[in-house]
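The following exercises invite the reader to work through a structure step by step. Please examine the sequence and the model before attempting each task.

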Amino acid sequence: MNKRFLTHKQKEGLAGYIFVMPFIVGFIALTGGPLVFSFIASFTNYNVASDMEFIGIENYAQLFTADQIFMTALWNTVYFVLFSVPLTTLGALFLAALLNQDVPGMRVFRTIYYLPAVLSGVGVYLLWMQLLDPTTGLINIALGWFGIDGPNWLFDPDWTKPSLILMKMWSVGGSMLLYLASMQGISKSLYEAAEIDGASGWKKFIFITVPMVTPIIFFDLVTSTIGAFQIFQEAYVMTSNGEGGPANSLLFYNLYLWNKAFEAFDMGYAMAMSWVLFVIVFVITIFNLKLAPRWVHYEGGDDK
Amino acid sequence: MVSWKKTGVALGGALLMLSGCAGFTTGDETEEETALEEEGVEIVDFWTFWGSETRRPIIDKIVADFNESQDEIEVVHSYYPWGDIWTKELAAIGAGDPPDVVINDINATALRGMEGQAESLTAIMGNNDISERFYPELWEATLYEGESYGLPFNTDTRMLFYNKDAFEEVGLDPEAPPATWAELEEFALMLDEKAGEEYERIGFYPLWGVGYDVWLTNLNGENYIDQEGNVSLATEENAEVLNWLKSWRDRLGADTVDSFKAKFESNQGHPFLSGELGMMIANMNFYTQIRDYAPDLNFGVAPIPEYEPGNGFTSWGGGFVAEIPKGSDSPEAALEFMKYLTDVEAQTYWAVQNFDIVANREAAELAAQSEEFSEDGRMVYEAGTENMEHTILTPVPTVAPDFYTLVNPEVDEFLLGEQTAEEALQNAQEAVEALVEQNQ
């Protein structure tokens, strides 16, 4: 065998590929296949068990021309994204800034604020259903102490989505941790220099802390936007029979998609819906990426 | 050279692991099952969502009894949670390796027949003779184009529960529950008890326990959408019913209604059990809650009152069927087991242990006499089986299986005061008609 069959560089490259193999194989076999299949099946009347006839763009045409519920579901989801993403991002950022102070007992506070991120899933939703109960829930009882007559939260279509956004705010601990880690890495000399110049705490936050954590803000924005578009569980668990709440106010995109797929068995239609969502999220993400260089600051980076 | 070899081995190993995955199709079978299969015993894979402490032992006992009664078929019971079981089943059908018997929702049996998710039992049996053993309404719900796609297992029925002591207290005859909507309203007003602005007892509220759709069914004697997808929502009578339902909320006040509603979730604080609610519509097996949490409650049970004398006491029921998913590899054995499951012995056992109305008529009637029930238990069970003649199911039409997603929000908006009953019904009617059109 020829010892120089591969150069050192090629060998390194090969090793790299081998290390990413598990992902590539997983992606092709477990994600790529179904992805392609769902794209093809979105042009059919696929129902899993028996039918799979090509019907052209009928599913897509129906979505945009005839399906009122589709528009409701899309609007509900966009509403949720528009409010929950900025609020949770800002919330996490401020929380991290607070928890980055040098006060005694900070570890305890950090633990307390991070705890909700550890709890997850259905248990939390059930807990929140009790918290949000109009008469016996803690939230309205607490509001009552200040003379505020709390809303009907999950029973009033105007308040159902704010209820979920409030719930999301409670669990910002996860992204808070990212901000906190990033803030701890900011060089003290920057703050010292600012202090010599007489900068206030707020100015230091705005002109040093925020720019230095913009990569994390960017990452958080992109991932939480994608995540918010995919909201499903919350509505599925917190509405009766997973139907989407009073007056369809919690019928989110993925919940409607799920109902179409597994209640009406209209799998082709559901797949078309998932591709529409994919395109929406894709466009927004590209937009985000294009916009990023204007405001995201990479320390020691070369403007990329 | 050496590292190249190593990577080659690693690569080969990875491929082996992946190809190994292909051999996992029988991965869920135990050695014991494989051994049984070699002896010629047919394995029937049986999926239910009955995993609770009360239900699991009951179904396991039925399965064990069947397995002991013969030696050709071995039924293996697996529990999947309520939220998962049917999506898993569908995935398994799609993958071509489904279980052999699954418990599924009776109201969508015809739909699954049409979609090709279930095997036609009529095709396996060659006839529909088995239908004799079931309540006809239940059997009907399993048919698609004259062929049955599931054997009814259990059902339920909505009835009026009323507090006899409260009746007596306000001078009503405890043996004469309301028979019409007018009486219902009259009695409810008598049973209301207020201390200042707060209600200490509410006589009745129609939307606790059942939805608006049950009242529409009670009025019309049938669902507002039939099997062909003909919709009859936008009628004057239906609008009247919706307005009647809303008038209760308006009279009691939204706050009172909402605060009472929250109490239903706890067994101890349940308004009917604590005497804060005079009458309510509930599933007949609500009795088990009374039995367990308010054993001293002096209550009666009656059919849902009729709209007008002679209109009929129509009630609504649901239930479950046992069915064979498409692609099962032992449909005959599966059917044998399903016959056992729906025969008198197993059904009586289930009925008595679970206080469920079972689909097998003879078993339901036997259970009503069971010595294992208390006097109250027998009274309720008997009233429940008698109520079956007024009880209709609402199988989903195959042309609009998700019609309710269009109707419920419109009615919600009406109840919230955002549109009139006529508008709500008209919008819902048009939306469902459009869906039917789209699917035809």
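The exercises below concern a predicted model, and each is followed by a worked solution.

**Exercise 1. The domains of chain A**

Task: State into which domains chain A is divided, and how many Å separate their centres.

Solution. Step one is to read the assignment: domain 1 of chain A covers residues 1-41, and domain 2 covers residues 58-295. Step two is to take the centres over C-alpha atoms; those of domain 1 and domain 2 of chain A are separated by 35 Å.

**Exercise 2. The interface of chain A and chain B**

Task: Describe the contact between chain A and chain B by its residues, its buried area and its polar pairs.

Solution. Begin with the residues: chain A contributes 35 and chain B contributes 34. Next comes the area. About 2900 Å² is buried between the two chains, and carbon and sulfur atoms give 64% of this area.

Then consider the charged and polar pairs. One salt bridge is found across the interface of chain A and chain B. A:Lys260 and B:Asp402 form a salt bridge, in which the closest N and O atoms lie 2.9 Å apart. In addition, eight residue pairs are in polar contact across this interface, both residues being at pLDDT 80 or more.

Finally, assign the side of chain A that touches chain B to its elements. Two or more residues come from each of helix 1 (8-41), helix 12 (253-262) and helix 13 (267-295) of chain A. Helix 1 of chain A gives the largest share, namely five residues. By residue class, this side of chain A comprises 22 nonpolar, seven polar and six charged residues.

**Exercise 3. A helix of chain B and its cover**

Task: Identify the buried residues of helix 4 of chain B, and name elements that cover them.

Solution. Helix 4 of chain B spans residues 85-94, and its buried residues are B:Ile85, B:Thr87, B:Glu89, B:Leu90, B:Ala92 and B:Ile93. Their cover includes elements of both chains: helix 12 and helix 13 of chain A, together with strand 1 (42-48), strand 3 (101-105) and strand 13 (319-323) of chain B. Just after this helix, B:Gly96 adopts a positive phi of about 80 degrees.

**Exercise 4. Three aromatic residues in loops of chain A**

Task: Decide whether A:Phe146, A:Trp153 and A:Phe265 are buried or exposed.

Solution. Take A:Phe146 to begin with. This residue is placed in the loop between helix 6 (138-145) and helix 7 (157-170) of chain A. A:Phe146 counts as exposed because its relative accessibility is 68%, and the cut-off for exposed is over 50%.

A:Trp153 is found in the loop between helix 6 and helix 7 of chain A. Its relative accessibility is 7%, so A:Trp153 counts as buried; the cut-off for buried is under 20%. A:Trp153 is not a glycine, although its phi is positive, at about 35 degrees.

A:Phe265 lies in the loop between helix 12 and helix 13 of chain A. With a relative accessible area of 10%, A:Phe265 is therefore buried. Its phi, near 55 degrees, is a positive value in a residue other than glycine.

**Exercise 5. The two domains of chain B**

Task: Characterise the domains of chain B and the contact between them.

Solution. Start from the assignment: domain 1 of chain B consists of 37-156 and 318-392, while domain 2 consists of 158-316 and 399-439. Their centres, taken over C-alpha atoms, are 30 Å apart.

Turning to the contact, 19 residues of domain 1 of chain B meet 19 residues of domain 2 of chain B. The area buried between these domains is about 1700 Å², with 66% given by carbon and sulfur atoms. The interface holds one salt bridge. B:Asp156 and B:Arg158 join their side chains in a salt bridge of 3.2 Å, N to O. Seven residue pairs, both residues at pLDDT 80 or more, are in polar contact across this domain interface.

The last step concerns the side of domain 1 of chain B that touches domain 2. Helix 17 (375-387) and strand 15 of chain B are the elements that give two or more residues to this side. Helix 17 of chain B supplies the largest share, eight residues.

**Exercise 6. A threonine of strand 15**

Task: Establish where B:Thr391 lies and which residues it touches.

Solution. B:Thr391 belongs to strand 15 (residues 391-392) of chain B. Its relative accessible area is 2%, so B:Thr391 is buried. The side chain of B:Thr391 reaches the backbone oxygen of B:Asn387 at 2.7 Å. Leaving aside residues up to four places away in sequence, B:Thr391 touches B:Glu137, B:Asp156, B:Thr157, B:Ser315, B:Trp316 and B:Gly317.

Methods:
Residues are numbered from 1 along each chain as its sequence is written. Chains are lettered from A and ligands numbered from 1 in the order in which they are written. This is a predicted model: local features need pLDDT of at least 70, side-chain atom pairs count only at pLDDT 80 or more; totals for chains, interfaces and linings use all residues. Side-chain values use heavy atoms; hydrogens and water are left out. Domain bounds come from an automatic or database domain assignment. Contact means heavy atoms within 4.5 Å. Buried area is the accessible area (1.4 Å probe) that two parts lose on being put together, summed over both. A salt bridge is a side-chain nitrogen of Lys or Arg within 4 Å of a carboxyl oxygen of Asp or Glu. A polar contact is a pair of N or O atoms within 3.5 Å; within protein, one must be able to donate a hydrogen and the other to accept it, and residues adjacent in sequence count only if both atoms are side-chain atoms. Helices (H or I, at least four residues) and strands (E, at least two) are DSSP runs, numbered from the N terminus. Ala, Val, Leu, Ile, Met, Phe, Trp, Tyr, Cys and Pro count as nonpolar, Asp, Glu, Lys and Arg as charged, and the others, Gly among them, as polar. Buried means under 20% relative accessible area, exposed over 50%, partly exposed in between (1.4 Å probe, protein chains only).
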